[in-house]
Every structure is written in C-alpha cells, then in structure tokens.
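Grab a coffee and work through these short exercises with the structure open beside you. Try each task before you read its solution.

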Amino acid sequence: MLEREVLLVLGAAGGVGVSAVQIGKVCGAVVIAVARGPEKLQYLQSIGADHVIDSSKDNIIESAKFFLKARGLKGVDVLYDPVGGKLTQDSLKLLKWGAHILVIGFASGDVPIIRANVALVKAHLAFAALRDRKAVGKVMIVMDASVKSRL
Ligand SMILES: NC(=O)c1ccc[n+]([C@@H]2O[C@H](COP(=O)([O-])OP(=O)(O)OC[C@H]3O[C@@H](n4cnc5c(N)ncnc54)[C@H](OP(=O)(O)O)[C@@H]3O)[C@@H](O)[C@H]2O)c1
C-alpha cells in the first residue's frame with residue numbers, strides 16, 4: 001500500500017477489517033471503510049477512516065464515487081475483501097486500472113463471481129500493457145506473479 005493510494009475495506013468493523021483500516025492509515029492510504037450501522041461507522045471514523053459507508057442503507061458505488069471525486073481521486077487501488085457477495089460485485093465497479101483485489105474471506109457466506117468482463121477492463125499487469133500500447137492483440141494472463149507475463 002503506497003501513500004495516497006485508495007484502500008477500500010469491506011466488513012471494516014469486523015476483526016480483520018479494523019486491522020486493514022489501521023494498517024492502511026499507517027501506510028498513508030486514503031481509506032474508505034464499509035460497515036453496517038451508525039455505531040460501527042462512528043468507530044471507523046474514530047480510528048481514522050477517511051470516508052465511511054453504511055452498506056445497510058447507502059449505495060456504496062454512489063457514496064464512494066462522490067467521495068473520490070471530491071478528493072480528486074480516480075478510483076480504488078486496493079480492495080480488501082473479507083465479505084464477498086454483492087458487496088464485492090459492487091466494489092469491483094470502483095476499481096481503477098491495475099487495482100489489486102485482496103480476497104480475505106467470505107463473511108457473507110457468498111463466494112463472489114468475478115466476471116470476465118470486469119477482468120477485461122480492470123485486470124492487473126497484462127491489460128495494463130494493452131492500455132499503454134506495449135502490446136496489441138492477444139493477452140495471456142499468468143496467475144503466478146513470479147512469472148513474467150508473456151505478451
Ligand atoms: N485470509 C485470511 O488469512 C483470514 C484471516 C482471518 C479471517 N479470515 C476470514 O475473513 C472473514 C472475516 O473475518 P473476521 O474475523 O473479520 O470476521 P468478523 O469479525 O465477524 O467480521 C466480518 C464482518 O463482515 C461483515 N459482513 C457483511 N455482510 C455480512 C453478512 N452477510 N454476514 C456476516 N457478516 C457480514 C460484518 O460487518 P457489517 O455487519 O458491519 O457489515 C462483519 O463485521 C471470515 O470469512 C474469515 O474466515 C481470513
């Protein structure tokens with residue numbers, strides 16, 4: 001996590017979520033924290049979250065976009081996801097180019113499906129090369145980060 005990068009934490013008031021918010025702040029990230037209920041949001045603000053979203057009543061896409069725009073930020077760099085389900089699906093729409101998704105757990109009980117069209121426009125590494133005109137045409141995604149992508 002780099003300074004000024006945007007970290008979106010789902011289930012932010014839960015066990016692993018709170019640690020993610022705190023680590024994000026220590027690293028200098030802009031932290032968006034998602035939880036349900038005013039007490040949790042208040043707590044998350046008290047530990048430094050820059051923006052809090054109540055997923056039981058707010059539209060997380062609209063709320064996050066509003067915040068990002070107001071701060072002049074383009075999107076989320078890192079999604080920290082211990083929840084899964086619809087929250088994940090919605091959060092994918094907030095990711096920017098080259099974003100990282102940390103799949104931590106599935107507290108909602110729903111393992112999310114990341115649809116290929118999202119990968120097509122958002123995926124890390126290989127597609128960034130296309131965007132930068134370093135490659136034209138076919139892309140092979142190599143899941144092992146230690147192996148160089150072959151374009
Ligand atoms: N990968 C790893 O190394 C690792 C390590 C520890 C834990 N985990 C996994 O990470 C997940 C979270 O662990 P945790 O210890 O943070 O649990 P936790 O303290 O129970 O927190 C989970 C949070 O998820 C949120 N949530 C959203 N939708 C939910 C739903 N439908 N049902 C239940 N919770 C929901 C809840 O927050 P709101 O009510 O505010 O939405 C809750 O605070 C678990 O799946 C756990 O197995 C993974």
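**Exercise 1. Look at helix α4 (residues 85–92): how many of its residues are buried, and which ones?**

Keep in mind that you're looking at a predicted model.

Step 1: Go through the helix and count. You should find that 6 of the 8 residues in α4 are buried, so the helix is mostly covered, taking buried as under 20% relative accessible area.

Step 2: Put names to them. The buried set is Gly85, Leu87, Thr88, Asp90, Ser91 and Leu92.

Step 3: Think about the spacing. Residues three or four places apart on an α-helix point the same way, because each turn takes 3.6 residues.

Step 4: Zoom in on one of them. Thr88 sits in helix α4 and has a relative accessible area of 2%, so it counts as buried. Its side chain comes within reach of the backbone oxygen of Gly84, at 3.4 Å.

**Exercise 2. Sort Leu8, Leu73 and Trp97 into buried or partly exposed, and say where each one sits.**

Step 1: Start with Leu8. You'll find it in strand β1 (residues 6–9). Its relative accessibility is 1%, so Leu8 goes in the buried pile. Now look across the fold: 68 residues along the chain from Leu8 is Val76, and their C-alpha atoms are 6.5 Å apart.

Step 2: Move on to Leu73, in the loop between α3 (60–70) and β4 (76–81). Its relative accessible area is 18%, and since the cut-off for buried is under 20%, Leu73 counts as buried. Its C-alpha is 9.3 Å from that of Arg4, a residue 69 positions away in sequence.

Step 3: Finish with Trp97, which belongs to strand β5 (residues 95–103). Its relative accessible area is 41%, so Trp97 is partly exposed. From C-alpha to C-alpha, Trp97 and Gly75 are 8.4 Å apart, with a sequence separation of 22 residues.

**Exercise 3. In what order do the helices and strands run, and how much of the protein is buried?**

Step 1: Count the elements. There are 6 helices and 5 strands.

Step 2: Trace them from the N terminus. The order reads β-α-β-α-β-α-β-α-β-α-α.

Step 3: Take the whole chain into account. Of the 151 residues in the protein, 41% are buried.

**Exercise 4. Which residues come nearest to the ligand, and which backbone atoms lie close to its N or O atoms?**

Step 1: List the neighbours. The ligand has 14 residues around it, and Gly15, Val16, Arg36, Lys40 and Ile104 come nearest.

Step 2: Sort that shell by class. It splits into 7 nonpolar, 5 polar and 2 charged residues.

Step 3: Check the backbone. A polar backbone atom of Val16 is 2.9 Å from a ligand oxygen. For Ile104, a backbone N or O atom lies 2.9 Å from a ligand nitrogen. Phe106 has a backbone N or O atom 3.2 Å from a ligand oxygen.

Step 4: Look at how covered the ligand is. On its own it exposes 900 Å², and the protein buries 55% of that.

**Exercise 5. What is the volume of the second largest pocket, and which residues are closest to its centre?**

Step 1: Take the volume, which is about 270 Å³.

Step 2: Find the centre. The lining has 14 residues, and Gly11, Ala35, Arg36, Val83 and Leu87 are the closest to the middle of this pocket.

Step 3: Class the lining. It comes out as 8 nonpolar, 4 polar and 2 charged residues.

Step 4: Link back to earlier exercises. Leu87 is among the buried residues of α4, and Arg36 is one of the residues that come nearest to the ligand.

Note on methods. Residues are numbered from 1 along each chain as its sequence is written. This is a predicted model: local features need pLDDT of at least 70, side-chain atom pairs count only at pLDDT 80 or more; totals for chains, interfaces and linings use all residues. Side-chain values use heavy atoms; hydrogens and water are left out. On a 1 Å grid over the protein atoms alone, a cavity is a set of points where a 1.4 Å probe fits but cannot get out, and a pocket is an open set with protein on both sides within 12 Å along at least five of seven lines; lining residues have an atom within 4 Å of a point. Grid points are joined across faces, edges and corners, and a volume is the space filled by probe spheres set on the points. Ala, Val, Leu, Ile, Met, Phe, Trp, Tyr, Cys and Pro count as nonpolar, Asp, Glu, Lys and Arg as charged, and the others, Gly among them, as polar. A residue is near a molecule or strand if one of its heavy atoms lies within 4 Å of it. A polar contact is a pair of N or O atoms within 3.5 Å; within protein, one must be able to donate a hydrogen and the other to accept it, and residues adjacent in sequence count only if both atoms are side-chain atoms. Accessible areas come from the Shrake-Rupley method with a 1.4 Å probe; for residues, only the protein chains shown count as cover. Helices (H or I, at least four residues) and strands (E, at least two) are DSSP runs, numbered from the N terminus. Buried means under 20% relative accessible area, exposed over 50%, partly exposed in between (1.4 Å probe, protein chains only).
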